[in-house]
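Please look over the structure below with an eye to its cysteines, its nonpolar core and one of its helices. The report after it takes these topics in turn.

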Amino acid sequence: APKTAYRIGCLYLLFPLSLHCFFNYTEALFLSFMCLSFAAIIEKRLGLLMLSAACLVLCRPNGLFLFFPFLLLIVEQQQLPWYTGKWTWLKQSWIWALGVMPLVFAAWLLFQWYLVGDALAFSHAQAAWNKQFMFPLLALFRQGFWDYQLVSCYCVAIILYALWIRKQLPLSSNVLVWINLLLPLSAGSVVSMMRYSSVIFPLHLYWQNKLSQSNYFAIFIGLFVLLQIVLLKFWLEGQAIMY
C-alpha cells in the first residue's frame with residue numbers, strides 16, 4: 001500500500017545509521033544501484049539490470065560479489081530448475097547479462113594498473129586503515145578504544161539479528177545480507193561497519209515493515225531524528241562509530 005511504502009521510506013531515511021546516506025560517502029549510490037538491480041530483475045527489465053549492475057561494481061569493488069544474490073534472485077523470479085541434467089538455466093539471457101559485472105570489474109582493474117601500476121591499488125590502500133585479510137569474526141574486539149568496542153558489539157547484534165530472521169527472507173536476500181556483513185569484516189577491522197550495514201536493505205525492511213504498522217510510528221520517527229542529531233555530533237568529531 002502507498003501509505004505503508006511511505007512509512008517504510010521515512011523509517012529507512014530517518015533511521016540513525018542512515019545518516020551516512022546524506023554524507024559524501026558511496027552509501028546512497030550503492031544502495032540505489034543495488035535496489036535498482038533488484039527492481040530490474042523483479043520487473044523483468046534486462047537493460048536496466050545491466051546498467052545498474054555495472055554502475056554498482058564501479059561504485060564499490062565489493063559490488064562484484066552481489067553477482068551471487070542477483071543470480072539467485074533471477075533463478076527465484078524465473079522459477080528456473082536448480083538442476084535438470086541439461087543446465088537449461090544457463091541459456092537464460094538474464095543470467096548471461098550478469099556477465100557485465102565481472103567485465104566492468106576487469107576493466108576497472110586494467111584502469112588501476114594503467115594509472116598507478118597496481119591493479120589492486122584500491123585494496124592495498126586499505127592498509128592505511130589497519131585492514132588486513134582475516135577470518136571475519138576475528139575482526140571483532142581487536143582494538144581497545146571504546147568506539148571500536150561499541151561497533152564490535154553492534155556487529156555481534158546485527159549478526160544475531162540476521163540469524164534470527166533468516167527463515168523470513170528468501171535465499172537471495174540471505175546471501176546479500178551475509179556478503180555485506182562478512183566481506184567488510186574479512187578486511188580485519190570493524191571500522192565503517194555502522195556505515196556499511198546501513199545499506200543492507202533486507203534486514204531493515206523486515207523490521208521497518210512491522211514498525212510501519214505500529215500505533216507509535218510518530219514516536220519512533222521523533223526518536224530516530226534525535227538519535228541522528230547525536231550521531232551527527234560523533235561524525236563531526238571523527239569518532240570511529242561514524243566513519
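What follows is a short report on a predicted model.

**Cysteines.** A search of the whole structure finds 0 disulfides. The table sets out two cysteines, each of which is in no disulfide, with the nearest cysteine sulfur and the relative accessible area.

| Cysteine | Nearest cysteine sulfur | Relative accessible area |
|---|---|---|
| Cysteine 21 | cysteine 35, 9.7 Å | 14%, buried |
| Cysteine 55 | cysteine 59, 8.8 Å | 24%, partly exposed |

Because a disulfide requires the two sulfur atoms to be within 2.5 Å, neither the 9.7 Å from cysteine 21 to cysteine 35 nor the 8.8 Å from cysteine 55 to cysteine 59 qualifies.

**Nonpolar core.** The largest nonpolar core holds 73 residues, of which Met34, Leu66 and Met101 touch the most other members, and helix H8 (residues 146-164) supplies the largest share of this core, with 8 residues. Leaving aside residues up to four places away in sequence, leucine 66 touches Phe30, Met34, Leu56, Met101, Leu176, Ile179 and Asn180.

**Helix H12.** Helix H12 (residues 217-236) has 20 residues, and its end C-alpha atoms are 29 Å apart, which agrees with the 28 Å that it should span at 1.5 Å a residue. Its buried residues are Phe217, Ile221, Phe224, Gln228, Leu231 and Phe234; seen down the axis of H12, they fall within an arc of 120 degrees and therefore line one face of the helix. The cover over these buried residues includes helix H1 (2-14), H8 and helix H11 (201-211), whereas the face turned away from the buried side carries the exposed residues Ala218, Ile219, Leu226, Ile229 and Leu236. Just after H12, glycine 238 adopts a positive phi of about 75 degrees.

Conventions. Residues numbered from 1 in each chain as written. Predicted model: local features only at pLDDT ≥ 70, side-chain atom pairs only at ≥ 80, totals over all residues. Heavy atoms only, no water. Buried < 20%, exposed > 50% of the residue type's maximum accessible area, 1.4 Å probe, protein only. Core = buried A, V, L, I, M, F, W, Y, C linked by side-chain atoms within 4.5 Å. Helix = DSSP H or I, 4+ residues; strand = E, 2+ residues; numbered from the N terminus. Contact = heavy atoms within 4.5 Å. Expected span 1.5 Å × (residues − 1). Arc of directions from axis to C-beta.
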